[in-house]
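Work through the following exercises with the sequence and the model open side by side. Each task is followed by a solution that goes step by step.

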Amino acid sequence: MTMIGFHFHDHSTCIADGIAAADAHCRAAGLQFTPVRRRVLELLLEAHKAMGAYDLLDILRTEGLGSQPPIVYRALDFLVTNGFAHKIERLNAFVACSHPTDQHAPLFMFCRICRTVAEVPSEVTHGRLGAAEDDAGFQIERVVMEAEGLCPNCQEDGAQ
């Protein structure tokens, strides 16, 4: 058992499920799920942590899949655009989407010590943001909500 977000889960199926969802979406939409795109998604799914583009590039380089930054940035752009990954703006890093088949506006809680990221579904049409949207007559298309703090493991370890 490994952690996803801040909870333990059966890690053996989540990577396969994430790749299968991306593969099915790409086939249905006529998109190319190239070996580099697939591998970048696998790496994000394996890590369950925010990873920077250069962290990913280092791995791709050792595997012979590319050594130039545009390689990884194009793959990440594809994954984010198609909902398979999210960019954690505050960290300038990326994480695999926990709900790739759902339309959602996630809240990201990330640990400032170990960089573990928990993706929590949220609903922008409820609460203050939804009320502000209604009051302004505005249609929200994309929301990025991020919260930084300490995960349960780092709290237990007494991290400051």
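**Exercise 1: a strand pair and its hairpin**

Task: In this predicted model, determine in which sense strands β5 and β6 pair and over how many bridges.

Solution: Begin with the two segments, β5 at residues 107-111 and β6 at residues 117-120, which pair in the antiparallel sense over four bridges. Next, take Phe108 and look for its bridge partner in β6, which is Glu119. Finally, follow the chain through the hairpin, where five residues lie between the strands and where Arg115 takes a positive phi near 70°.

**Exercise 2: from pairs to a sheet**

Task: Establish the order of the strands in the open sheet that contains β5, β6 and β7, and explain why β6 and β7 each have one side without a neighbour.

Solution: First consider the other pair, in which β5 and β7 run in the parallel sense and are joined over five bridges, with Met109 standing opposite Ala147 in β7. Placing the strands side by side then gives the order β6-β5-β7, an open sheet of three strands with mixed pairing. Because β6 and β7 (145-149) stand at the edges and have a single partner strand each, one side of each is left without a neighbour in the sheet. As a last step, compare the directions of neighbouring strands in this sheet, which are turned by 20° against each other on average when direction is ignored.

**Exercise 3: the packing of two helices**

Task: Classify the arrangement of helices α2 and α4 from the angle at which they pack, and describe which residues make the contact.

Solution: Helix α2 covers residues 35-47 and helix α4 residues 69-81, and the two pack at an angle of about 75° with their axes 9 Å apart. Since angles of 65 to 115 degrees count as roughly perpendicular, α2 is roughly perpendicular to α4. The contact is made on the α2 side by Val36, Arg37, Val40, Leu41 and Leu44, and on the α4 side by Ile71, Val72, Ala75, Leu76, Phe78 and Leu79. Sorted by class, this contact of α2 with α4 holds 10 nonpolar residues, no polar ones and one charged residue.

**Exercise 4: an internal cavity**

Task: Find how many cavities of 30 Å³ or more the model has, and characterise the lining of the largest cavity.

Solution: The count comes to one cavity of 30 Å³ or more, and the largest cavity has a volume of about 30 Å³. Its lining consists of Gly18, Leu41, Leu45, Phe84, Cys97 and Pro100. Dividing these lining residues by class gives five nonpolar, one polar and no charged. To link this result with the helix packing, note that Leu41 lines the largest cavity and also takes part in the contact of α2 with α4.

Key:
Residues are numbered from 1 along each chain as its sequence is written. This is a predicted model: local features need pLDDT of at least 70, side-chain atom pairs count only at pLDDT 80 or more; totals for chains, interfaces and linings use all residues. Side-chain values use heavy atoms; hydrogens and water are left out. Axes are lines fitted to C-alpha atoms, for helices over the stretch in contact, and angles run from 0 to 180 degrees between N-to-C directions. Angles under 35 degrees count as roughly parallel, over 145 as roughly antiparallel, 65 to 115 as roughly perpendicular and the rest as oblique. Contact means heavy atoms within 4.5 Å. Ala, Val, Leu, Ile, Met, Phe, Trp, Tyr, Cys and Pro count as nonpolar, Asp, Glu, Lys and Arg as charged, and the others, Gly among them, as polar. Two strands pair if DSSP finds at least two bridges between them. On a 1 Å grid over the protein atoms alone, a cavity is a set of points where a 1.4 Å probe fits but cannot get out, and a pocket is an open set with protein on both sides within 12 Å along at least five of seven lines; lining residues have an atom within 4 Å of a point. Grid points are joined across faces, edges and corners, and a volume is the space filled by probe spheres set on the points.
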